[in-house]
Amino acid sequence: TLMLTFTAEATEEQKQALYDGLAEMPRVMDFIRRYEFGPDLGLREGNPSMALVADFDSEQDWRKYSAHPDHLALIENLVRPITAASSRVQYEVS
């Protein structure tokens, strides 16, 4: 799970480019089991701007995703420029 807080300067175009880039990840990496993301609904003040939940069959698949060149390019080009803060957690589901 990843949660991002966007900078105040992040434009709607930049956010949409990020969402479009995220939508490509499962098409590029067929070992992603589930990949869901979206903006915060704004039901509570102070929440992060968006969340991503990605499921994998194994730690090895997560590591392939984490190191994949397309994923790294997405982070560098679309995530970092508009992110003020981020939080992540990896956990195992039985």
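The chat below goes through the pocket, a helix contact and an aromatic pair of a predicted model.

Me: What is the basis here, and how are residues numbered?
Reply: Residues are numbered from 1 along each chain as its sequence is written, and side-chain values use heavy atoms, with hydrogens and water left out. As this is a predicted model, local features need pLDDT of at least 70 and side-chain atom pairs count only at pLDDT 80 or more, while totals for chains, interfaces and linings use all residues.

Me: How much space lies in the largest pocket?
Reply: About 950 Å³, where a pocket is an open set of points on a 1 Å grid over the protein atoms alone, fitting a 1.4 Å probe, with protein on both sides within 12 Å along at least five of seven lines, and the volume is the space filled by probe spheres set on the points.

Me: Which residues lie nearest its centre?
Reply: Of the 31 lining residues, Thr-1, Ala-54, Phe-56, Trp-62 and Gln-90 do, lining meaning an atom within 4 Å of a point.

Me: Switching topic, at what angle do α2 and α3 pack?
Reply: These helices (DSSP runs of H or I, at least four residues) pack at about 50 degrees with their axes, lines fitted to C-alpha atoms over the stretch in contact, 5 Å apart. That makes α2 oblique to α3, a class for angles outside under 35, 65 to 115 and over 145 degrees.

Me: And which residues meet there?
Reply: Tyr-65, Ser-66 and Ala-67 in α2 meet Pro-69, His-71 and Leu-72 in α3, contact being heavy atoms within 4.5 Å.

Technical notes: Axes are lines fitted to C-alpha atoms, for helices over the stretch in contact, and angles run from 0 to 180 degrees between N-to-C directions. Helices (H or I, at least four residues) and strands (E, at least two) are DSSP runs, numbered from the N terminus.
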